[in-house]
Amino acid sequence: MSLLLDNRFGELPPDNSVNTKLFLETVSHLPTFFDCLGSKVFSLIKSDINGNITKIKEVYLKDPHRYVTLQHILESERQDLGAEWPKAGATLALMWLKRGLRFIQILLQSLADGERDLNQPNLIRVNITKAYEQALKRYHGWFVQKIFNTALYAAPYRSNFLKALSKGEDVKEEECLENLRHFLVNFAATVDAIYDMYARLNAELDYTV
Ligand code: CIS
């Protein structure tokens with residue numbers, strides 16, 4: 001069985017809205033994945049992502065009928081939070097969470113496309129670096145970039161990473177990559193839809209941490 005196929009996002013409706021309940025159910029499986037990556041540096045990332053998910057969930061649970069889609073949350077907070085918005089509430093939590101999801105999307109896509117360092121084919125540093133440069137680096141100051149470098153060197157081998165995505169089972173590499181490609185279809189569409197929503201509602205911020 002594949003971890004990815006067990007936790008696939010559903011297909012988006014024609015208006016590309018993202019259902020909050022289904023989104024939260026799916027991303028809530030993400031933090032536990034960090035436990036099988038080994039190094040303690042991943043617990044920092046896990047806790048950040050967990051914090052984002054918890055914050056969005058808390059807002060959603062206050063009024064599930066009001067927050068059926070992620071866009072409902074952003075629009076309600078825009079009204080309720082005034083000048084603080086968008087740097088507050090679930091809007092801020094989702095802004096950061098989507099960057100982590102974009103990182104995962106680019107990393108998995110790069111693996112699925114067979115990109116690798118020919119001198120070190122069992123490492124995934126080229127794939128991780130590509131994802132970091134495109135999704136996160138511009139939002140990080142020097143200190144967080146240093147944390148990234150630590151995480152990069154603690155990253156699992158390609159074979160172990162693919163095995164973890166296959167729930168520890170010895171699945172053939174080609175089968176695992178095929179699962180990745182299936183997973184990416186709805187995952188990429190969902191991440192793109194969230195990015196589009198932030199652009200449309202003018203909710204994107206580009207400060208660094
Ligand atoms: C495999 C190796 C991966 C290497 C990963 C290297 C990643 C980069 C490391 C960067 C360190 C980040 C440490 C934290 C930095 C935070 O300061 C920063 C800003 O935080 C935000 C908060 O989130 O700050 C705000 C204030 O300015 C707020 O406080 C906000 O919190 S709020 O609003 O909630 O209160 N945060 C970030 O920069 C985000 C960093 C995200 C990093 C994501 C890395 C993901 C790595 C994933 C690798 C594994 C991929 C596995 C793929 C699939 C697994 C399948 C699982 C099942 C299905 C899941 C379905 C989705």
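Visitor: How are H2 and H4 oriented to each other, parallel or antiparallel?
Guide: In this predicted model, the axes of helix H2 (residues 20-27) and helix H4 (residues 41-62) come within 11 Å and cross at roughly 150 degrees. Angles over 145 degrees count as roughly antiparallel. H2 and H4 are therefore roughly antiparallel to each other.

Visitor: Which residues of H4 make the contact with H2?
Guide: The crossing of the helices H2 and H4 is left-handed. On the H2 side, the contact is made by Thr 20, Lys 21, Leu 24 and Val 27. Their partners in H4 are Ile 53, Ile 56, Lys 57 and Tyr 60.

Visitor: How many residues of the contact of H2 with H4 are nonpolar?
Guide: The residues of this contact include Thr 20 and Lys 21 of H2 and Lys 57 of H4. The contact of H2 with H4 has 2 charged residues and 1 polar residue. The number of nonpolar residues is 5.

Visitor: What describes two packed helices?
Guide: A packed pair is described by two quantities. They are the angle between the axes and the distance between the axes.

Visitor: How are H5 and H6 oriented to each other?
Guide: Helix H5 (residues 70-81) and H6 have axes 8 Å apart, and the packing angle is about 135 degrees. Angles over 145 degrees count as roughly antiparallel, and those from 65 to 115 as roughly perpendicular, with the rest oblique above 35 degrees. H5 and H6 are therefore oblique.

Visitor: Which residues in H6 meet H5, and how many residues of the contact are charged?
Guide: From H5 come Leu 70, Ile 73, Leu 74, Glu 77 and Leu 81, and in H6 they meet Gly 89, Ala 90, Thr 91 and Leu 94. The residues of the contact of H5 with H6 include 6 nonpolar and 2 polar. The number of charged residues is 1.

Visitor: Is the peptide bond from Trp 85 to Pro 86 cis or trans?
Guide: Pro 86 lies in the loop between H5 and H6. The bond that leads to Pro 86 from Trp 85 has omega near 10 degrees. That peptide bond is cis.

Visitor: Why are the buried residues of H7 on the same side?
Guide: The buried residues of helix H7 (residues 125-135) are Asn 127, Ile 128, Ala 131, Tyr 132 and Ala 135. They lie on the same side of H7 because they cover an arc around the axis of only 130 degrees. In general, an α-helix has 3.6 residues a turn, so residues three or four places apart point the same way.

Visitor: Which helices do the buried residues of H7 pack against?
Guide: One of the buried residues of H7 is Ile 128. Leaving out residues up to four places away in sequence, Ile 128 touches Phe 103, Leu 107, Phe 148, Leu 152 and Ala 155. The buried residues of H7 pack against helix H6 (89-112) and helix H8 (142-154).

Visitor: Is Gln 105 buried or exposed?
Guide: Gln 105 is found in helix H6. Not counting neighbours within four places in sequence, Gln 105 is in contact with Leu 184, Phe 187, Ala 188, Val 191 and Asp 192. The relative accessibility of Gln 105 is 11%, and the limit for the inner class is under 20%. Gln 105 therefore counts as buried.

Visitor: What is the relative accessibility of Thr 190?
Guide: Thr 190 has its place in helix H10. Apart from residues up to four places away in sequence, Thr 190 touches Phe 9, Gly 10, Leu 12, Val 18 and Phe 23. Thr 190 counts as buried, with a relative accessibility of 3%.

Visitor: Is Asn 16 buried, partly exposed or exposed?
Guide: Asn 16 is found in the loop between helix H1 (3-6) and H2. Although Asn 16 is not a glycine, its phi is positive, about 60 degrees. At 42% relative accessibility, Asn 16 counts as partly exposed.

Visitor: Is Asn 202 buried or exposed?
Guide: Asn 202 is in the segment after helix H10 (173-200). Asn 202 is not a glycine, yet has a positive phi of about 55 degrees. At 64% relative accessibility, Asn 202 counts as exposed.

Technical notes: Residues are numbered from 1 along each chain as its sequence is written. This is a predicted model: local features need pLDDT of at least 70, side-chain atom pairs count only at pLDDT 80 or more; totals for chains, interfaces and linings use all residues. Side-chain values use heavy atoms; hydrogens and water are left out. Axes are lines fitted to C-alpha atoms, for helices over the stretch in contact, and angles run from 0 to 180 degrees between N-to-C directions. Helices (H or I, at least four residues) and strands (E, at least two) are DSSP runs, numbered from the N terminus. A crossing is left-handed if the near helix is turned anticlockwise from the far one by less than a right angle, and right-handed if clockwise. Contact means heavy atoms within 4.5 Å. Ala, Val, Leu, Ile, Met, Phe, Trp, Tyr, Cys and Pro count as nonpolar, Asp, Glu, Lys and Arg as charged, and the others, Gly among them, as polar. Buried means under 20% relative accessible area, exposed over 50%, partly exposed in between (1.4 Å probe, protein chains only). The arc is that of the directions from the helix axis to the C-beta atoms.
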